[in-house]
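Here's a quick walk through a protein model, written for someone who would rather look at the atoms than read a long preamble. Have the viewer open as you go.

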Amino acid sequence: MLPSLQLIEISRKFKAEQVKELVLDLRYNGGGYVITEQVLASMFAPQAAVTNQEVFEKEVYNKILTQYYQEEGIDFESRFGTDFEYQDQDQTVKVSTKDANIGLEKIYGLISSGSASASEALLGGLMPYTQIELIGSQSHGKYCTGLLFSAKDFYVKSPAELNNWGAYVMISIYQNSLGETPCMPDGLTPDIAIADDPRLPYVIGDVNEPLLKQALIEAGRTYNEGTASASLSRSMDSQFRKLPQIESATFGKRILTLPSKTTHNILFKTGLQ
């Protein structure tokens, strides 16, 4: 998903309400665009890091791409900021996060095996700057970045009926400002391990849902003893088979958005065209 103006407005609202701690639920987020990470991180990181445009993440490329980007003067680093620009098909889109930095002191990240790629990168990129407590289960562990190519990116001339396919090519490994990739190789490890059981009768956002409940307890909320979560879980175990594991191919998108001219140059320089 590309940056959402609605999320930016929500962040401005949180800033106005002086929110200091945030529950960030990424347990079912299998990835997205690097620009979305950068926008979200710029609203969640300390204001000083945004003002100074400090490094959020770095891309580590192979020898060919490293040489190409150096020759073209393309930065390997993404930085915090307030003004962003990216290419969406044939349109240049501009996004502003001015007055949307919340000023968070802590983030509670809810994760599971369904958290992959861009969602892992967002948390890992914020770790050098913001206190992050992870709640849930081990994340997926997808630490690569890719470019999404269409048929026209590969061929100068291509019949229209053959244009309904694409290729998602891994081109780099991402690192945070400390040169670390926290989800490599096996995923992010939760600070508090809690299994996510979607069979429990709670909608996302219910304060009694186990992962959110634990985050709220960590944030200082009190609950009466003897809530129904545990008994419900035990009683339902006999009624349902074990849920299937999430297939690897289902998750793991972390996509760079680049102008089409740059895309063609990359293909030509690396011999893909």
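What follows covers the chain as a whole, then one sheet, then a pair of cysteines.

First off, this is a predicted model. The protein chain has nine helices and 12 strands. Some whole-chain numbers are in the table.

| Property of the protein chain | Value |
|---|---|
| Share of the 273 residues that are buried | 42% |
| Share joining residues at least 24 apart, among contacts between residues at least 6 apart in sequence | 78% |
| Accessible surface | about 15000 Å² |
| Share of that surface belonging to carbon and sulfur atoms | 51% |

Now for the sheet. Four strands make an open sheet in the order S1-S7-S8-S11, and the pairing is parallel. At the edges sit S1 (21-25) and S11 (192-193), each of which pairs on one side only. S1 runs parallel to S7 (residues 106-111), and five bridges join the two. If you want one spot to zoom in on, try leucine 24, whose bridge partner in S7 is glycine 109. In general, strands of a sheet pair through backbone hydrogen bonds.

On to the cysteines: how many disulfides does the structure hold? The count is zero. Cysteine 144 is in no disulfide, and the nearest cysteine sulfur is that of cysteine 183. Why no bond for cysteine 183? Its closest cysteine sulfur, in cysteine 144, is 8.8 Å away, so the gap is too far for a bond; the cut-off is within 2.5 Å. Cysteine 183 is also buried, with a relative accessible area of 1%.

Methods:
Residues are numbered from 1 along each chain as its sequence is written. This is a predicted model: local features need pLDDT of at least 70, side-chain atom pairs count only at pLDDT 80 or more; totals for chains, interfaces and linings use all residues. Side-chain values use heavy atoms; hydrogens and water are left out. Two strands pair if DSSP finds at least two bridges between them. Buried means under 20% relative accessible area, exposed over 50%, partly exposed in between (1.4 Å probe, protein chains only). Contact means heavy atoms within 4.5 Å. Accessible areas come from the Shrake-Rupley method with a 1.4 Å probe; for residues, only the protein chains shown count as cover.
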